[in-house]
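Work through the exercises below with the sequence and the 3D view at hand. Try each task before reading its solution.

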Amino acid sequence: MIVKERSIPVHIHKLEALLRRLSNTHHKRSKIEEDLGKRLAGYKGEQRIDYPLSFLPEKDYSILHDVRLFDGSHYFQMDTIILSNCFILILEVKNMAGSLYFDSDFNQLIRTLNEKEEPFPDPISQVERQQYQLLRWLRIQKFNRIPIETLVVISSSNAILTTSPNNRQVYEKVILSSKLPAQINKFLKIHPQSAMDEKILAKLTKKIVDCHTPQTIDILNQFSISKNELIKGVLCPGCRLTMNRERGKWVCTTCHHHSNEAHIESLLDYSLLISPIITNREARGFLNITSSEISKNLLKSLNLPFTGNNKSRSYNLSSLQKKHPPTKRMQK
């Protein structure tokens, strides 16, 4: 069964929010769009393994997606972990089309696509490092030694896998996603003995979920962008231009769309790009409104947790993120 669902990475949400808040002529825009494209492709690639995983007996396996743990020295992130009584399996998913050559001499992956060669870090080494770190984490959490297997799963149907004839590791560690259920059955034959009972397995599963630590990303710092470069105001859901506040509503003078709640998306953008904590003054500046009373009423209407009183009051937008989780929106 799926214990931890896969969700759109917050990094993607932050990149989308950043693109919404930058002018079309901003000199960093193409770089941000390229990063977003790669991350969206990676996320879609991870989604493609859901179908082959659906063939696994639910009662025999626990599946956790997008897990990030701390091994005592470093954080490490795994695309998918599959737990059974007999072994743990770490999956590193790559959504890459073209001819993929696994070079064991230099530990790199070379992709040839449209007659262009491009090097990538070796995903086999990457997932083996995750294996080592997970072993460390298990020791810290005082779990007995449990067999850990690793696989690199190529989720694209337009990939051709190649390597040198003597590179046996690739044949053992790299598969197409369609082969995933069969390969898991092979691991079950390799590890027929139970390594933990149902009680220990449930305890381990819960511990992984409890110890998962989402990555925090300062997206403005990543691209060396000042918050002063961001477009302020409430953006129209239709044409993405800024709206005016008129008679208790947000009105777009360009496409004439009107809304009572368009400010919510803008506050979500603020929480993704700047901070989950906001004051009345900061809200006025970002929403581009002049009235302190209007800003206060908008914030109070959202029933946000707050600290402080009167002018020193700060609102926490985290609950807003839970009530209105950001969804993928095409940039215009």
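The exercises move from the whole chain to one helix, one pocket and two backbone angles. The model is predicted.

**Exercise 1. The chain as a whole**

Task: Find how many helices and strands the chain has, and what share of its residues is buried.

Solution:
- Step 1. The chain has 12 helices and 16 strands.
- Step 2. Of its 332 residues, 46% are buried.
- Step 3. Along the principal axes, the C-alpha trace spans about 70 × 55 × 35 Å.
- Step 4. Take the contacts between residues at least 6 apart in sequence: 63% of them join residues at least 24 apart.

**Exercise 2. Helix α11**

Task: Determine which residues of α11 are buried and what they pack against.

Solution:
- Step 1. Helix α11 covers residues 292–301, and its buried residues are S295, L298 and L299.
- Step 2. These residues lie on the same side of α11, because they cover an arc of only 95° around the axis.
- Step 3. A general rule fits here: an α-helix has 3.6 residues a turn, so residues three or four places apart point the same way.
- Step 4. The packing partners of the buried residues are the strands β11 (244–246), β12 (249–251), β14 (277–279) and β16 (314–316), together with the helices α9 (262–273) and α10 (280–287).
- Step 5. At the N-terminal end, S291 caps α11, with a side-chain oxygen 3.3 Å from the backbone nitrogen of E293.
- Step 6. After α11 comes N303, which has a positive phi near 55°.

**Exercise 3. The second largest pocket**

Task: Describe the lining of the second largest pocket by residue and by residue class.

Solution:
- Step 1. The pocket holds about 270 Å³ of space.
- Step 2. Its lining consists of T279, N280, R281, R284, S292, E293, K296, N310, K311, R313 and Y315.
- Step 3. The elements giving two or more residues to this lining are α10 and α11.
- Step 4. By class, the lining residues divide into one nonpolar, four polar and six charged.

**Exercise 4. Positive phi at D66 and R240**

Task: Locate D66 and R240, and decide whether D66 and R240 are buried or exposed.

Solution:
- Step 1. As background, most residues other than glycine have a negative phi.
- Step 2. D66 is not a glycine, yet its phi is positive, about 50°; R240, also not a glycine, has a positive phi of about 70°.
- Step 3. D66 sits in strand β2 (residues 62–70), while R240 is in the loop between α8 (219–222) and β11.
- Step 4. The cut-off for buried is under 20% relative accessible area. D66 has 12% relative accessibility and therefore counts as buried. R240 has 15% and therefore counts as buried.

How values were computed: Residues numbered from 1 in each chain as written. Predicted model: local features only at pLDDT ≥ 70, side-chain atom pairs only at ≥ 80, totals over all residues. Heavy atoms only, no water. Buried < 20%, exposed > 50% of the residue type's maximum accessible area, 1.4 Å probe, protein only. Helix = DSSP H or I, 4+ residues; strand = E, 2+ residues; numbered from the N terminus. Arc of directions from axis to C-beta. Contact = heavy atoms within 4.5 Å. Polar contact = N/O pair within 3.5 Å; in protein donor to acceptor, adjacent residues only side chain to side chain. 1 Å grid on protein atoms, 1.4 Å probe; cavity = no way out; pocket = protein on both sides within 12 Å on 5 of 7 lines; lining within 4 Å. Points joined across faces, edges and corners; volume = space filled by probe spheres on them. Nonpolar A, V, L, I, M, F, W, Y, C, P; charged D, E, K, R; others polar.
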